Amino acid sequence: RVRFHSLMLALFGAYEAAYFQSYYGTIPPELQEPASRQAQFHLRQPGVKQWWTRGGRARFSKKFVEELERAAAKSAL
């Protein structure tokens, strides 16, 4: 569990970094889009989804969490 939690923190930390780099214009949005799609893919996996809803999302910024969950809900349609 500790290793999984550490891995998820590192993985979603990288996704959050890409999100904010794109948000602030330090990288073009097309470089952030693959990270966003990967994050959405991971959130659809049962173990990751459980980790996210049981507190994983609390470790990230509100803005990133809202955007990621909005995009994940949209892609699930």
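This briefing walks through the aromatic residues, the nonpolar core, the largest pocket and a few individual residues of the structure above. The model is a predicted one, so please read every value below as computed from it. Two features make a good starting point: an aromatic cluster that includes F12, W52, F60 and F64, and a largest nonpolar core of 16 residues.

**Aromatic residues**

- The count of aromatic pairs in this model comes to 13.
- One of them joins F12 and Y15, whose rings sit edge-to-face, with 5.3 Å from centre to centre and 90° between the planes.
- F12 and Y15 both belong to helix α1, which covers residues 2–23; because they are three residues apart there, about one helical turn separates them.
- Both partners are buried: F12 has a relative accessible area of 0%, and Y15 comes in at 6%, so each falls under the 20% cut-off for a buried residue.
- Y23 and Y24 make another pair, with ring centres 5.0 Å apart. Their planes meet at 85°, which is over 60 degrees, so this pair too counts as edge-to-face.
- How buried or exposed are Y23 and Y24? Y23 is partly exposed at 44% relative accessibility, while Y24 is exposed at 62%.
- F12, Y15, Y19, F20, Y23, Y24, W51, W52, F60 and F64 come together as one aromatic cluster.

**The nonpolar core**

- Within the largest nonpolar core, the residues with the most contacts are F12, L43, W52, F60, F64 and L68.
- Which elements give two or more residues to this core? They are α1, α2 (29–43), α3 and α4.
- Helix α1 provides the largest share, with five residues.
- F60 is a handy residue to click on in the viewer. Setting aside neighbours within four places in sequence, F60 touches M8, L9, F12, G13, E16, W51, W52 and V65.
- Among those contacts of F60, F12 and W52 are also listed with the most contacts inside the core, and F12, W51 and W52 also belong to the aromatic cluster.

**The largest pocket**

- The volume of the largest pocket is about 210 Å³.
- Ten residues line this pocket, and L43, R44, K49, W52 and A72 are the ones nearest its centre.
- Helices α3 (46–53) and α4 (62–75) each contribute at least two residues to the lining.
- What is the make-up of the lining? It divides into five nonpolar residues, one polar residue and four charged residues.
- L43 and W52 appear here again: they lie nearest the pocket centre along with R44, K49 and A72, and they are also listed with the most contacts inside the core.

**Individual residues in the helices**

- A18 lies in helix α1 and is buried, because its relative accessibility is 13% and the cut-off is under 20%.
- Apart from neighbours within four places in sequence, A18 is in contact with I27, Q32 and A35.
- From A18 to Q40, 22 residues apart along the chain, the C-alpha atoms are separated by 14 Å.
- R37 is part of helix α2 and is exposed, with a relative accessibility of 52%.
- Although R37 and A71 are 34 residues apart in sequence, their C-alpha atoms are 8.7 Å apart in space.
- R70 sits in helix α4 and is partly exposed, with a relative accessible area of 43%.
- R70 and G47 are 23 residues apart along the chain, and 20 Å separates their C-alpha atoms.

Terms used: Residues are numbered from 1 along each chain as its sequence is written. This is a predicted model: local features need pLDDT of at least 70, side-chain atom pairs count only at pLDDT 80 or more; totals for chains, interfaces and linings use all residues. Side-chain values use heavy atoms; hydrogens and water are left out. On a 1 Å grid over the protein atoms alone, a cavity is a set of points where a 1.4 Å probe fits but cannot get out, and a pocket is an open set with protein on both sides within 12 Å along at least five of seven lines; lining residues have an atom within 4 Å of a point. Grid points are joined across faces, edges and corners, and a volume is the space filled by probe spheres set on the points. Helices (H or I, at least four residues) and strands (E, at least two) are DSSP runs, numbered from the N terminus. Ala, Val, Leu, Ile, Met, Phe, Trp, Tyr, Cys and Pro count as nonpolar, Asp, Glu, Lys and Arg as charged, and the others, Gly among them, as polar. Rings of Phe, Tyr and Trp (its six-membered ring) pair if their centres lie within 6.5 Å; planes under 30 degrees apart count as stacked, over 60 as edge-to-face and the rest as tilted. Buried means under 20% relative accessible area, exposed over 50%, partly exposed in between (1.4 Å probe, protein chains only). A nonpolar core is a set of buried Ala, Val, Leu, Ile, Met, Phe, Trp, Tyr and Cys residues joined through side-chain atoms within 4.5 Å. Contact means heavy atoms within 4.5 Å.
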